[in-house]
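The following exercises are to be worked with the sequence and the structure in view. Each task is followed by a solution in steps.

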Amino acid sequence: MLDVLYLAHDVADPAIRRRTLMLEAGGAKVTVAGFRRGADTPVVAGHIELGVTRDGRFGQRIAAVGKAAMVLGGKLRGVEKPGIIIARNLEMLALANRANAIFGGDVPIVYECLDIHRLLLRNDLAGRTLRAAEQYLGRNVSLLITSSPAFIENYFRPVSRLKAPALLLENQVIDLEDNAEMQTARPRPPRPGEPWKIGWFGALRCDKSLKLLAEFTRAMNGRFEVVLRGRPAYSEFDDFNGFVENEPFLHFHGAYKNPEDLARIYDDVQFSWGIDFFEEGLNSSWLLPNRLYEGCRYNAVPIAMRGTETARFISAKHIGLVLDRADSAALAALFAGMSPERYLAEFGKVAATGAQTWVFDRADCQRLVNRLAALRTTDAQPASIHELSQTHSNKGGLL
């Protein structure tokens, strides 16, 4: 059995739970150690707490990592030497090196980076310093895990100084039901007189999307509504709750569990908002978000912004709607004449891709763990980022 020490930037992040489920389903034993994002975040049972960090407070997070490094030996007392260490995000890579030293210095380190922070892309002293830090902290990294080929093409290959090989692991939905037929989503056009619904689910951090959807739904005078679910990044909004409460056609229903709640929440909408302007032209243009896979798994018609990796992805599969401009008039034009017949045609295109396209099943989990376990062999000869990023598998993005 592979023992994994997973160092998490935010132990309450649903993505940490999903990755833990994947590893355990693949046969690994996982110990999670990490930070709580905000003092009000509940303690996660069974996880080793390293401290509290705050959204948008980069300096505070660096200080928290430094403090955690000094007490890490005590925190990990009683933890058996792991087979590998996974560090989620750059700040945890510093602690991965410290943990490796505690365990003797010969544990393979995996760097999991599913977002490229805007500071890493700056051309000033701050950006150069952060990239140099990534290079230094990543000197012992055996494998990079990332979720979009655009991250490799736009950052890790041309900009980053990281030399580790890369594994493309897309944000697919976990489905661990053995020998069971996959649940298929039914078409759900609105009843006569009811509005069309757009679901914006997951990490809610884009103020521009929020305002665009508010303006659009007001212009449509109730013919469209937006259902919001997930975890708002409150630091990115002036007043998220107050804004939504004052919008007649926006409705926030709180967090949900992934994958347990996905069928229920997507059955409530016809379309899935796959647009993110949070770091426009940079990270938000390169990512393939969780909501893309979640929505398509349950045949919600995806909406993407032209010029982004998400738009390229759905266009290659001949599904979804692509917005040309980020304004209410363009969004209204995209939905002009929306009818049950047109919706059913778009629904059918997504359904035709097959549920397996969008899920990560138990066999995929086992392949992932086997790939990670192979890092422990001293004679392994990993490919370069260039070689791996040019290779495409049929399932799950595993290279």
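## Exercise 1: Strand 2 and its neighbours

Strand 2 (residues 29–37) is largely enclosed by the rest of the structure, because seven of its nine residues are buried. The model is a predicted one.

**Task.** Determine how strand 2 is joined to strand 1 and to strand 3 (residues 48–53), and in which sense each pair runs.

**Solution.**

Step 1. Begin with strand 1 (residues 3–8), which runs parallel to strand 2 and is joined to it by six bridges. One point of reference is L7, whose bridge partner in strand 2 is A33.

Step 2. Follow the chain between these two strands. From strand 1 it passes through helix 1 (residues 14–25) and arrives at strand 2, forming a right-handed β-α-β crossover.

Step 3. Turn to strand 3, which pairs with strand 2 over five bridges, again in the parallel sense. Here R37 has T53 of strand 3 as its bridge partner.

## Exercise 2: The nonpolar cores

**Task.** Identify which residues of the largest nonpolar core touch the most other members, and state which helix gives the most to this core.

**Solution.**

Step 1. The largest nonpolar core holds 42 residues, and those touching the most other members are L50, L93 and I116.

Step 2. Helix 3 (residues 90–102) gives the most to this core, namely six residues.

Step 3. Examine L50 in detail. When neighbours within four places in sequence are left aside, its contacts are A33, G34, F35, A68, L72, K75, M92 and L95. A33 in this list is also the bridge partner of L7 in strand 2.

Step 4. Another core, of 34 residues, lies apart from the largest one; its members include F224, I275, V301 and F347.

## Exercise 3: The open sheet of six strands

**Task.** Give the strand order of the open sheet of six strands, name its edge strands, and locate the helices that pack on it.

**Solution.**

Step 1. The order is 11-10-9-12-13-14, and the pairing is parallel.

Step 2. The edges are formed by strand 11 (250–252) and strand 14 (321–323), each of which pairs on one side only. From one strand to the next, the twist averages 25°.

Step 3. At one edge, strand 11 pairs with strand 10 (residues 224–232) over three bridges in the parallel sense. V226 has L250 of strand 11 as its bridge partner.

Step 4. Helix 6 (residues 207–219) lies across strand 9 (196–204), strand 10, strand 11, strand 12 (271–273) and strand 14, and runs at about 160° to strand 10. Helix 11 (residues 309–316) also packs on the sheet, where it touches strand 13 (301–305) and strand 14; its direction makes about 135° with that of strand 13.

## Exercise 4: Strand 13 and helix 11

**Task.** Describe the surroundings of strand 13, and decide whether E309 is buried or exposed.

**Solution.**

Step 1. Strand 13 is largely enclosed by the rest of the structure, because five of its five residues are buried.

Step 2. Consider the directions of the side chains. In a regular strand they alternate between the two faces of the sheet. In strand 13, V301, I303 and M305 point one way, P302 and A304 point the other way, and all are buried.

Step 3. Place the pairing partners. Strand 12 runs parallel to strand 13 and is joined to it by three bridges, with F271 opposite V301. Strand 13 and strand 14 also pair in the parallel sense over three bridges, and I303 has L321 of strand 14 as its bridge partner.

Step 4. The chain leads from strand 13 through helix 11 to strand 14 in a right-handed β-α-β crossover.

Step 5. E309 lies in helix 11. Its relative accessibility is 11%, and the limit for a buried residue is under 20%, so E309 counts as buried. Leaving aside neighbours within four places in sequence, E309 is in contact with S148, P149, A150, S285, W286, L287 and L288.

## Exercise 5: The cysteines

**Task.** Establish how many disulfides the model contains.

**Solution.**

Step 1. Apply the criterion that two cysteine sulfur atoms must lie within 2.5 Å. The count is zero disulfides.

Step 2. For C206, the nearest cysteine sulfur is that of C296, 19 Å away. C206 is buried, with a relative accessible area of 2%.

Step 3. For C365, the nearest cysteine sulfur is likewise that of C296, 20 Å away. C365 is buried, with a relative accessible area of 0%.

Note on methods
Residues numbered from 1 in each chain as written. Predicted model: local features only at pLDDT ≥ 70, side-chain atom pairs only at ≥ 80, totals over all residues. Heavy atoms only, no water. Buried < 20%, exposed > 50% of the residue type's maximum accessible area, 1.4 Å probe, protein only. Pairing = 2+ DSSP bridges. Helix = DSSP H or I, 4+ residues; strand = E, 2+ residues; numbered from the N terminus. Axes fitted to C-alpha atoms, helices over the stretch in contact; angles between N-to-C directions. Contact = heavy atoms within 4.5 Å. Core = buried A, V, L, I, M, F, W, Y, C linked by side-chain atoms within 4.5 Å. Right-handed = clockwise from strand over helix to strand, strands pointing away.
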